[in-house]
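Work through the exercises below with the model open beside you, and try each task before reading its solution.

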Amino acid sequence: MNAINVTELMQALGLQARQASRAMARAGTAQRNQALRALARLLRAQIEPLQADNQRDLARARAAGLAEPMVDRLKLTPAVIETVAQGCEQLAAMPDVIGDIVGLKQQPSGIRVGQMRVPIGVFGMIYESRPNVTIEAASLSIKSGNACILRGGSEAIDSNKALAALVQQALVAAGLPPEAVQLVPTTDRAAVGQLIAMPEFVDVIIPRGGKGLIERISAEAKVPVIKHLDGNCHTYVDDPCDMDLAVKVADNAKTQKYSPCNATESLLVARGVARDFLPRIGAVFAAKGVEMRGDAEALELLKQKSHSALDGKTSSAINSEAKLALATEQDWFEEYLAPIIAIKVVAGLDEAIVHINRYGSHHTDAILTTDHRHAQRFLREVDSASVMVNASTRFADGFEFGLGAEIGISTDKFHARGPVGIEGLTSLKWVVLGEGEVRGG
């Protein structure tokens, strides 16, 4: 497909999306919820055909030598399909925020002034790998009364086409325009350049993928962008803490799944508990093959004490199993998306907060503590989109937060921050209710 055809294609998609967005904004709550429930039914009914399409994508990815964490993101398993189907149903069951008027106040002039929540209009979604994003984006678009243009990665083209076809079937079944959710049918990269430069048709762009993709879009887009670049998430083990809880949560935050952006990449440990905590978590990580890149103090404790954490094993046996390395400055910034974790011993809460705000990506950070005052300070002072107390960073997710689904995570501070759900895809406009008042003076 040559550049002229791509331009014509994207202009056509943009025009259709803008027209469909007006119909979506007019559609009632029941009609949009009907589409979501129909989509959930279709997903469950089409598991086998969807997996057949997905297998073609997986085979191409492996043949192309795609890294295993990226292949993992491509998988459309029955569990993944069930999760997005449940997300559609959860969204359908949620209250409709469109048309809500908030903050209505009577003014001295007699008018009442408030703000009404309205759809943004049309958003463009550019994403890599994960085909479940197609359903998450489409379902949130439907619930929020928007239209969207989706451009998935070339590695998931067959999966995304199959999923988008089901979305359009669900829209038609509910009497809504199928053009309300459109998938860019070409893998030509020129389509991305067109999509991010059509302010007449697209109101906001949401990139979801690798740092290179997001940096390019942020630099070249001619419409606003909701984005996050990195997921360098921290877990800080405080003094004092519940040691059993800390081991359990730190383990989950790192090893429950390595590839997501909310997996913990840096572990900070207060010096007062490091001698007890590090051997225990070190033994857990060693058993799971996690490489530990620590500062000198952390490595010394891991090497000296690791034998005490596992029954029946000697210090030398544990050390031979453990993958230990001295951390570099770059490790404190790194998003590994792999079984690697940076570990640092800090003096206490103050140093932990300074470290997180300097090296973190403002995505998600957690404190494990039994000190309420420390927890409150951490919540106030850590400058991140999601901040947690005694919970795994893996919870930083729209589905887990009760948003029904998420279209992405924003580390920006304007409009939307953290997991972006329904409200992140809306805007507020001022409304004035009067009874003939006129301005004097």
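Two exercises follow, on a model that is predicted.

**Exercise 1.** Work out whether the chain is as compact as a globular protein of its length, or less so.

*Solution.* Begin with the make-up of the chain, which has 15 helices and 16 strands. Next, compare two values: the radius of gyration of the chain is 24 Å, while the globule rule gives 22 Å for 441 residues. These values are close, so the chain is as compact as a globular protein of that length. Then turn to the interior, where buried residues, those under 20% relative accessible area, make up 52% of the 441 residues. Finally, consider the contacts between residues at least 6 apart in sequence, of which 74% join residues at least 24 apart.

**Exercise 2.** Check the length of helix H5 (residues 78–93) against the span expected for its 16 residues, and then find which residues of H5 are buried.

*Solution.* At 1.5 Å a residue, the 16 residues of H5 should span 22 Å, and because the end C-alpha atoms are 22 Å apart, the two values agree. The buried residues of H5 are Ile81, Val84, Ala85, Gly87, Cys88, Leu91 and Ala92. Around the helix axis these residues cover an arc of only 150°, which means that they lie on the same side of H5. As a next step, look for their partners: the buried residues of H5 pack against helix H2 (29–45), helix H3 (47–63) and helix H6 (132–143). The face of H5 turned away from this buried side, by contrast, carries the exposed residues Ala79 and Ala93.

Methods:
Residues are numbered from 1 along each chain as its sequence is written. This is a predicted model: local features need pLDDT of at least 70, side-chain atom pairs count only at pLDDT 80 or more; totals for chains, interfaces and linings use all residues. Side-chain values use heavy atoms; hydrogens and water are left out. Helices (H or I, at least four residues) and strands (E, at least two) are DSSP runs, numbered from the N terminus. The expected span of a helix is 1.5 Å times one less than its number of residues. Buried means under 20% relative accessible area, exposed over 50%, partly exposed in between (1.4 Å probe, protein chains only). The arc is that of the directions from the helix axis to the C-beta atoms. Contact means heavy atoms within 4.5 Å. The radius of gyration is taken over C-alpha atoms; the globule rule is 2.2 Å times the number of residues to the power 0.38.
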